[in-house]
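These are my notebook entries on what I looked up in the structure, kept in the order in which I went through it.

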Amino acid sequence: MCLLLSPPPPQVSVINTVDTSHEDMIHDAQMDYYGTRLATCSSDRSVKIFDVRNGGQILIADLRGHEGPVWQVAWAHPMYGNILASCSYDRKVIIWKEENGTWEKTYEYTGHDSSVNSVCWAPHDYGLILACGSSDGAISLLSYTGDGQWEVKKISNAHTIGCNAVSWAPAVVPGSLIEQPSGQKPNYIKRFASGGCDNLVKIWKEEDGQWKEEQKLEAHSDWVRDVAWAPSIGLPTSTIASCSQDGRVFIWTCDDASGNSWSPKLLHKFNDVVWHVSWSITANILAVSGGDNKVTLWKESVDGLWACISDVNKGQGGVSALPEGQQNEQ
Amino acid sequence: MKLKEVDRTAMQAWSPAQQHPIYLATGTSAQQLDATFSTSASLEIFELDLSDPSLNMKSCATFSSSHRYHKLIWGPHSMTSGERVSGVLIAGGENGNVILYDPAKIIAGDAEVIIAQKDKHTGPVRALDVNMFQTNLVASGANESEIYIWDLNNFATPMTPGVKTQPLEDISCIAWNRQVQHILASASPSGRATVWDLRKNEPIIKVSDHNNRMHCSGLAWHPDVATQMVLASEDDRLPVIQMWDLRFASSPLRVLESHTRGILAIAWSMADSELLLSCGKDAKILCSSPNTGEVLYELPTNTQWCFDIQWCPRNPAVLSAASFDGRISIYSIMGGSTDGLRQKQVDQLSSSFGNLDPFGTGQPLPPLQLPQQTVPQSVVLPLKKPPKWIRRPVGASFSFGGKLVTFENAKSQQQPGIQQQQQQEQQRHHVYVSQVVTEKEFLARSNQLQEAVQSEGFVSYCQTKIDTAQADFEKNVWAFLKVNFEEDSRVKYLELLGYRKDDLRKKVNVPGSWACVKCFPDGCIHRVQPKMLTMPRMVEVLLYLWAKDHKQETEDLGSAKKTFNISVSGDVDGLITQALLTGNFESAVDLCLHDNRMADAIILAISGGQELLSRTQEKYFAKMQSKITRLITAVVTKNWKEIVQSCDLQNWREALAAVLTYARPDEFAALCDLLGNRLESEGDSLLQTQACLCYICAGNVEKLVACWTKAQDGNSPLSLQDLIEKVVILRKAVQLSQTVDPNVVGALLAEKMSQYANLLAAQGSIAAALTFLPTNTNQPNIMLLRDRLCRARGELPVGQEALKAPYERQPVPKGRAGPVAEQMQGPQAPAQQYYQQVRIAPTVTTWSNKTPTALPSHPPAGCPSDTQGDNPPPPGFIMPGAVNPNMPPQQVTPSNYSMYSQGGTRAAYPQTYQATQQYSCGTGGPALYQPQQPVVVPASASYTNPAPNTTPPYLPSAPAHSLPSPLYPGQPQPSPTSLNPVCSFPLPLGASFQHGRLGPPATSVAYALPTGPTGTLPATSDLPASQRTGPQNGWNDPPALNRAAKKKKVPDNFLPPVPITSPIMNPLADPQSQVQQPLAPAAPMGAPSFQPPQLPAGPPVLTEGAPGAPIGNAIQHVQALPTEKITKKPIPEEHLILKTTFEALIQRCLLSASDPQTKRKLDDANKRLEFLYDKLREQTLSPTIISGLHNIVKSIETRNYQEGLNIHTHIVSTSNFSETSAFMPVLKVVLTQANKLGV
């Protein structure tokens, strides 16, 4: 039997420091599926892609095309090739694609009337579908239809005066814990969560090809800055993390298959706005960014309480030695 | 975009930022009579409910008041203490009264809502403000220069900030400083603003425009810079907002002239100091940057004037505006669609008129043809540039391999100074990749396991596990596992089950004794050692057993031995005797059986031959129903299945022992499994876990996993580690001892193994994860994970596995590509599992030839046929571009559907392109393998990227920086085809230097201000607010003066004035010397690359109202005598022509100018040129400037004003900024006007 001891503090060590050469604030940095490429975006209107394997940093692409600050980037699953989506204050969503080693714009979506704040690719099982949340209050869903075209569905007035974040639910077939390997396309229920300036987290569900508001989760008292649906680890529980201008981070869980009863648990109340939440791939650690510009890691203990297990140092002090064989090429 | 509206003519106040939900209080305006000419008044509170999409505000409470209000504010006083949960609402009334309301009580509907009230003022209270730092302090202003400071904790007696200003005048605005708590400013319609220091109890500075046309309707302190404030003028002749810096209070720092008529109200956003709202009699609501003067946003309004405008403190994107048409509107500055609004209007109309037949005429209304212009543009654009509050400064995202990607942008630094500037220039925008390890014990144990596997030290590994195991069961399991690696494993299993051969032999072999019977106290085979039960011994044992049942008889028999008497009597004995004597064994046995003499029967049967023995055994078993019969039956008949199936599970140990002893190798595993199954399905959880031991004996890994998983909490990494350790060891044992294919991996094991590998990967142990992944499996999740792990390590999946790259790379064709023929075939392409290969380009043939092994890894049979094409693919799964145009999909044989093979491609292009494969994989086709070209930034000529392996050095090019960069310049998008690096790469830097101004500016320019040679940057408007201004630490250390940044021509030696030193009233003994002090705040200071030739040739864009340079003589103390009154020297004769010419020109312009605004500008210019004349008198101007001015005069004489402007530009661009800035902009205004008017 394994002993359930309180976990030792995690070891967080900087293994690579990437100087992006962005000329203004960085707003997002995302690794690709394999963790070998880093995409960054900035108020300098550019999107950059770096090869960061083995602790190095090689600029692969400097993508220009946005006319305002670029807020977020999102990598599509590699089965569709090397595809990156970016969204900007210029009200545009651009989908970039690597062709023959060169990154190019492959699609530009201009259907929003205000800043597009968040982009998120659906689980690859559904095809290429991108959800986009905008300050105009709408959420757009861009689906690649297989003939070089993208189909657009738009949820108008999803969040009054603005949607700040979108995050897809993992692809789980109802009633099945294990992915079915057979050729039959499973009957997925598509869902995603969104957060907005109306202080709400909403859950959207596709029914008969139409997106409908399934749940409205109320707990925050100010703008919801980010939502993150936890990856599936094979359990029937769904989990969403949300963070807000009000400094609060909530963990929402839903145990029933119908997805109707969500209950919030306050992870922590920070003193300042919390900008971003991100789950680890194994869904057991939550990285919380904000509350005075810090990054903290949180883990749920056996008794269901969330505990801060680490502050993340930014490479200044308190960093353990680099692992062997990983050198910064800088 | 309008969010809500309320039909009230009222003053308004938002609830404090701390309040949730957000309320808006409205109090009937004293200035306005609404349409009903009602004189009643009320105080109302509405809730801003943004989850309600309608335009209606939710009314929370109405309180009928006896007062009408000139001013309403809502402060957070006592909110945190809980005394006033919603703070205090403070109203300024008509009769000099200041009234405090408790909004919580208003909302609750209480009758007593007034906390306190005082009518100390002699006239209407038009100005109120709450101190941000001490929220109990409220300043009020009324007529007769009355200003009071109220302490809400002690409301009885107000204080005064000092002696009343003279002459007595109305106080129209009052505002506490946003950085220094004891500084207060007041302003009056006369245009004068006074700054008070409450510590000194006196006014410390007075701010006043020399033209005396200001009619102050608004006053607001800079949210971040302690020394700056704006004043708004209601005068239609001067509809401006002046930005002042108290450090040079002689003239405004900047003048915003966006309104065409008088400004009625202003509001400065606390969330972003770039956002100043103003509304005026031109019916406009503008949002401007006070720091640049740029209008960022114009709210779509009706034609009504707004007299009050307020930012919502809690929701920074929301504002409210009260207009004279009796409406308060709530807007968002983030844009959006106004469809909702129009819908409301339509609804209102239809509810008023009824549908289609408003007047009951019985005639439906004809459809209304709306003229185009009456349909408002439904889309409202957001602010031109993003407000501070949506710019995410920090983030952390997990990625594969337990990596955490973090970035943070340092908060705008608050310590000004040259050092700071350098720091900012050096500030790099870094992203950090960290490895997060949370499961150290898990990793350590995983390493131990790996070592054991590699060194094959299984026995010692198991022994260690046995030694360290805490629980007995755990020890047991490990002991069982260990046995697998030892000789004579079955015997050892038995020993583990508690059966030692020697023990029993000792017991059984006690000679001549029946004591053994005691070993079987209840007839159960508790300590049987079946190995010993060879047939003779078996009989022996059976005899014992039988004897136990018939103890008495046995004893009798024993005594009978003493004599030997062959009885032939007629009884049974006699008959048996007869039969025996005749050799009729069969009859004898029958007789014995009949007489229940079992032992006799069997003994006789042995002599009667094998056949008789078997029959006798059967009969015996049929007759005997003792507890052990079935065991005996099984032993004798070798039917162990029966035992395993029907034994009492409490005796599983014995059953397992029996199986271990007797079962043939070919049935052994099945029997163990069977027993395990039974145990597992038993309700007793203890027994369930024991099933694991059976499975270990059986070597059934899959079952072990299933059983273990069921019994354990499988979610903690250590629990999974517990399982995997056993599984791995058992698999190794199975490989050693059994003929079962060890590579077969069941679905559940695959799941667990990939889960384990995932956990390892999540801790950064990608190599370890790879070693634990089963190698030979077509489980999709394992193949996916293997591929991911390999690539994460920066390798391509190698060897056999590489041929089974788990999914097809599905390229998305370029969006611009037309629907050419082959693309049209896309939808008909066969449906694919995503890990299948659809690419059937000719190269595939090569691959499949080289990699025939790819074929078996075809998708499971359940998937639709590859070649049928009758199943349309899921959208997006088939990228038509990947389909070979030359080969219709229908003709494709399965052999062409090889897995995408990196291995194959590596073989095909072995040396040259290896380095690039990482980037090119999946993009399809032979072209894929072109070597990577240098990546060149398109549309940004100022970047070069000579090689992909080096970080491109950013080479700032001054012309590029000096280009004005409109926010949305509409610059041509680089055509994707132009992205060819060969095209853009050769563009030399020099080219961009020379032609930069002609082409679109580099997109990178806009936010480049804080670094590099910023002195040349005009694009201040693009400077992020956070870097332009920042929170202030104190009154005495203000940050950069943005005035300096705005002027494009800051010279090397320009020194901004010193900050106000405390006390602020210290006379400036020597303004020049102060100016000489090096001072940090100016952003562009000390940029070494600043060179005049890099200055832009374009004319400076100065607002005409902006004054000259912040040079010494422009700094005037407020109490200093105006310079005009000092006796002046005469202008040297040779330069007098300058004065006369300019004055004459201005006069000519004045004569022909028609509109008053131009005249005002010219008047102003005339005055301002006095600076020039002063300099001429002092003879302080450099010869080049003088000669330049004379050239201008010559061009004026020839009426060639354009030439004059050119000379002007030349002077400005080559001269010292501080020398010329006082008069050159004015001169330009004059020249421009002259040119325009053609005088």
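I began with residues 217-252 of chain A, whose end C-alpha atoms lie 9 Å apart in this predicted model, and I noted that the span is 56% strand and 0% helix. I had picked this span from UniProt, where an unreviewed entry lists residues 19-60, 63-106 and 217-252 of chain A under "repeat: WD".

Confidence came next. For the complex I copied down the predictor's ipTM of 0.91 and its pTM of 0.64. Chain B averages a pLDDT of 67, and 58% of its residues score at least 70. Over residues 340-344 of chain B the pLDDT is below 50, although I find eight contacts for this stretch in the model beyond near neighbours in sequence. I made a similar entry for residues 549-561 of chain B, where pLDDT stays under 50 and the model has five contacts beyond four places in sequence.

I then looked at chain B as a whole. Its secondary structure comes to 42 helices and 33 strands, and 55% of its 1239 residues count as buried. Taking the contacts in chain B between residues at least 6 apart in sequence, I see that 62% join residues at least 24 apart. The accessible surface of chain B comes to about 52000 Å², and carbon and sulfur atoms account for 53% of that.

Which residues touch the most other members of the largest nonpolar core? In this core of 81 residues they are A:Trp121, B:Tyr101 and B:Ile333. I also noted a second, separate core of 79 residues, which includes B:Tyr461, B:Cys672, B:Trp708 and B:Leu720. Returning to A:Trp121, and leaving aside its neighbours within four places in sequence, I listed its contacts, among them A:Trp75, A:Ile83, A:Ile95, A:Leu128, A:Trp150 and A:Trp168.

Since B:Cys672 had come up in the second core, I turned to helix 18 of chain B, in which B:Cys672 is buried along with residues including B:Phe668, B:Leu671, B:Asp673, B:Leu675, B:Leu679 and B:Glu680. This helix, residues 665-681, has 17 residues and reaches 25 Å from its first C-alpha to its last, close to the 24 Å expected at 1.5 Å a residue.

My last entry concerns B:Thr1184, which is found in helix 39 (residues 1183-1197) of chain B. Is B:Thr1184 buried or exposed? Its relative accessibility is 59%, so B:Thr1184 counts as exposed, the cut-off for that class being over 50%. The C-alpha atoms of B:Thr1184 and B:Thr1214 are separated by 9.1 Å, with the two residues 30 apart along the chain.

Terms used: Residues numbered from 1 in each chain as written. Chains lettered and ligands numbered in written order. Predicted model: local features only at pLDDT ≥ 70, side-chain atom pairs only at ≥ 80, totals over all residues. Heavy atoms only, no water. Core = buried A, V, L, I, M, F, W, Y, C linked by side-chain atoms within 4.5 Å. Buried < 20%, exposed > 50% of the residue type's maximum accessible area, 1.4 Å probe, protein only. Contact = heavy atoms within 4.5 Å. Helix = DSSP H or I, 4+ residues; strand = E, 2+ residues; numbered from the N terminus. Areas by Shrake-Rupley, 256 points an atom, 1.4 Å probe, with all protein chains shown as cover. UniProt positions renumbered as here; feature names shortened; annotations may be inferred. pLDDT = per-residue confidence, 0-100. Expected span 1.5 Å × (residues − 1).
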